[in-house]
Amino acid sequence: MIQRDTFLSFNPPALSDAERAEVMDTLNSEWVTTGPKTRQFEVELGAYLGAPGIVALNSCTAALHVGLSVLGIGPGDEVIVPALTFCATANVVEHMGARPVLVDVEPGQLTLDPIRVAQAVTPRTRAILPVHYAGHPADLDPLFALCAGRDIAILEDAAHALPTSYRGIRVGSRSSLAAFSFYATKNLSTVEGGALTGDPALVERARTLGHHGMNRDAWKRFDRTGSWYYEVVLPGFKYNLTDIAASIGLQQLKRLEGFQRRRRQLVAAYRDGLGDLEALRLPVAQPWAESSWHLYVVRLDLAQLRIDRNAFIEELKARNIGTSVHYLPVHMQPYYREKYHYLPADCPVAADAFTRMVSLPLHPGLSDSDLQDVVAAVRDVVARFRV
Ligand SMILES: *Cc1c(COP(=O)(O)O)cnc(C)c1O
């Protein structure tokens, strides 16, 4: 059995002395929570994305929540959510008292299937929440066409999509809303953090809602130029990003293009190392897509193997390779399954993909020899358990 000496973590953080120095600078300043560094991060990230408006928040979940709020989603409304996503995409719809309508994904890049979305639209549909799964953009044009002339908004779950482009348009540069995540495992991390981009008027309402409903830049009230006076215009939430987190983000943003270059090299190396294995289906990018390559999700052809996906993961673990699964589909999660009586077969593509998928390590800190260890381990498991 081929085995590396030490366990290879699936996705460790890519933090350097630059982030540590920026955090220390903030800790030694007079302002540590939402303030000048957060503002600077918004300006720099907004410029990078080409965002019409941007607010930094303390998570993508928060960004999705205030995004749905400013769109006026509420009880009686339906919001279309892909079955194959992280639970937060559907949970926020529940927070609004609305109903998440779970729709299947396309078999190719595993993003929301526009044909099935069209079939799922009802007079109650108020929003669609496409997810750019693994960093590959969802097919947005048919979704925007479907919404045209109807009271249906699009709020992109862009947690994986920094930086992703769809037909040459950067995710986050449109006037419709997009929610980004800077969670520890994401392509750019502030440990915990997020942002909402889109139309400036909507984004400023989201800012107010995420800062207790205060009607002015509340942090400025402690500044020499500020005033102690504020008014609460909405019963808002506590979703602000700290300057400590923004410090990390400022330095991560400087490194992002380098991270992305490395991700693309690693993807090419996986293709070279695994592309000939018939028991494995590697991820591909559509010609109209520029993926952020957040995840590298391979799918097993179980008919060609004597073990299932879970055993495949155990075999990789025995060879000191950490992997993950993204995700148990939402319609198969107990809460959603029981509340809405979903069966796995209601979203058959997501359910089938789930039984076959393994996410292999893909992060900028992965060395060439780490990657070759993954390739060797995968090849060893396939060779050993081929039918
Ligand atoms: C990570 C993630 C989220 C939530 O992001 P947080 O910043 O942790 O709230 C939402 N949707 C998807 C698809 C994610 O991967």
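Which residues come nearest to the ligand? Let's work through this and two further exercises together.

The model is predicted, so local features need pLDDT of at least 70 and side-chain atom pairs count only at pLDDT 80 or more, while totals for chains, interfaces and linings use all residues. Residues are numbered from 1 along each chain as its sequence is written, and side-chain values use heavy atoms, with hydrogens and water left out.

**Exercise 1. Describe the surroundings of the ligand.**

Step 1: Find the neighbours. A residue is near a molecule if one of its heavy atoms lies within 4 Å of it. There are 15 residues around the ligand, and Thr61, Asp157, His160, Ser181 and Lys186 come nearest.

Step 2: Sort them by class. The shell has 6 nonpolar, 7 polar and 2 charged residues. Here Ala, Val, Leu, Ile, Met, Phe, Trp, Tyr, Cys and Pro count as nonpolar, Asp, Glu, Lys and Arg as charged, and the others, Gly among them, as polar.

Step 3: Look for polar contacts (pairs of N or O atoms within 3.5 Å). A polar side-chain atom of Thr61 is 2.5 Å from a ligand oxygen atom. For Ser181, a side-chain N or O atom lies 2.7 Å from an oxygen atom of the ligand. For Tyr327, the distance from a polar side-chain atom to a ligand oxygen atom is 3.1 Å.

**Exercise 2. Describe the largest cavity.**

Step 1: Recall the term. On a 1 Å grid over the protein atoms alone, a cavity is a set of points where a 1.4 Å probe fits but cannot get out; lining residues have an atom within 4 Å of a point.

Step 2: Count and size. The whole structure has 3 cavities of 30 Å³ or more, and the largest holds about 160 Å³ of space.

Step 3: Check its lining. Of its 15 lining residues, Gln109, Ala134, His136, Pro283 and Val284 are the closest to its centre. By class, this lining has 9 nonpolar, 5 polar and 1 charged residues.

**Exercise 3. Place the second largest cavity.**

Step 1: Size. About 80 Å³ of space lies in this cavity.

Step 2: Lining. Of its 14 lining residues, Pro12, Pro13, Ala14, Ala184 and Lys186 are the closest to its centre.

Step 3: Location. The second largest cavity lies between domain 1 (17-253) and domain 2 (256-385), because both give residues to its lining. These bounds come from an automatic or database domain assignment.

Notes: A polar contact is a pair of N or O atoms within 3.5 Å; within protein, one must be able to donate a hydrogen and the other to accept it, and residues adjacent in sequence count only if both atoms are side-chain atoms. On a 1 Å grid over the protein atoms alone, a cavity is a set of points where a 1.4 Å probe fits but cannot get out, and a pocket is an open set with protein on both sides within 12 Å along at least five of seven lines; lining residues have an atom within 4 Å of a point. Grid points are joined across faces, edges and corners, and a volume is the space filled by probe spheres set on the points.
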